Amino acid sequence: MKKIIAFVLLLTFNFGFSQKKFDKSDAEKFQKTINAEYADAKTSPLMSEDLKSFKTLDFYPVSSKYFVNAKLVKAKNEKVFEMKTTGTRTPKYIKYGTLYFTIDGVSLQLNVYRSIDLSKTKEYKDHLFLPFSDLTSGKESYIGGRYIDLKIPKGETIAVDFNQAYNPYCAYNHKYSCPLVPLENDLKIEIKAGVKTFH
């Protein structure tokens, strides 16, 4: 009996604190927040002519299929590198780790990164950057791929909600310089979740 209790406690400890459940309202809140940001001239990346007629971004329907609890394997002895962008800017990043997960029974992996500059600020000290492209890129979604914002987890799993994938600012306005999705983060499946292409 003691062994069973110990095992249950171990399971709770390993998964209970890090495994998250899909919550549709989180994705809906994300959509509301990003729409409000884009509608506001002070925070919007949109060009002035697009801002005048802007009502909402185009989203895929929210689906639990694109919410995963990924296994995070932290990277070791990584060097800081300059991430290529659409412009001349080369922000410094470091690979934080690799995420392993499955969608539709397909085993997938993505590298997740940490911005050197952002990690020095209080607000973004736990921020992780997940850029990716997939088979919808250049068709239904932005050709340059999309981003997801994550936080460094306490355990070894991290909840990734592709319903909260958003476009780089340069999808809306050429004045921005945006990190390019590294080749190793190109998924060979369709991620029909998050923000669609603009126009």
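**Figure 1. Helices and strands of the predicted chain.** This predicted model contains four helices and seven strands. Their order along the sequence is α-α-α-β-β-β-β-α-β-β-β. The chain is as compact as a globular protein of its length, because its radius of gyration, 18 Å, is close to the 16 Å that the globule rule gives for 199 residues. Along the principal axes, the C-alpha trace spans about 70 × 40 × 35 Å.

**Figure 2. Burial, contacts and surface of the chain.** Of the 199 residues, 41% are buried. Contacts between residues at least 6 apart in sequence were considered next; 63% of them join residues at least 24 apart. The accessible surface comes to about 12200 Å². Carbon and sulfur atoms account for 56% of that surface. The chain carries 31 positive and 22 negative charges. The mean positions of the two sets are 6 Å apart.

**Figure 3. The largest nonpolar core.** This core has 24 residues. Those with the most contacts inside it are Leu99, Phe101, Ile103, Leu150, Val160, Phe162 and Ile191. Six strands each supply at least two core residues: E1 (67–74), E3 (92–103), E4 (106–115), E5 (127–132), E6 (146–151) and E7 (157–161). Strand E3 gives the most, with four residues.

**Figure 4. Val160 and its contacts.** Val160 is one of the residues with the most contacts inside the largest nonpolar core. Residues up to four places away in sequence are left out of the following list. Val160 touches Tyr66, Phe67, Val68 and Ala70. Val160 also touches Leu99, Leu130, Ile148 and Leu150. Of these partners, Leu99 and Leu150 are likewise among the residues with the most contacts inside the core.

**Figure 5. Another nonpolar core.** Apart from the largest core lies another, of 20 residues. Its members include Leu57, Phe59, Phe129 and Cys178.

**Figure 6. Gly138 in its loop.** Gly138 lies in the loop between strands E5 and E6. Both of these strands supply residues to the largest nonpolar core. Gly138 has a relative accessibility of 46%, so it counts as partly exposed. In sequence, Gly138 and Thr197 are 59 residues apart. In space, the two are 8.1 Å apart, C-alpha to C-alpha.

Definitions and conventions. Residues numbered from 1 in each chain as written. Predicted model: local features only at pLDDT ≥ 70, side-chain atom pairs only at ≥ 80, totals over all residues. Heavy atoms only, no water. Rg over C-alpha atoms; globule rule 2.2 N^0.38 Å. Buried < 20%, exposed > 50% of the residue type's maximum accessible area, 1.4 Å probe, protein only. Contact = heavy atoms within 4.5 Å. Areas by Shrake-Rupley, 256 points an atom, 1.4 Å probe, with all protein chains shown as cover. Lys, Arg positive; Asp, Glu negative; His and termini not counted. Charge placed at Lys NZ, Arg CZ, Asp CG, Glu CD. Core = buried A, V, L, I, M, F, W, Y, C linked by side-chain atoms within 4.5 Å.
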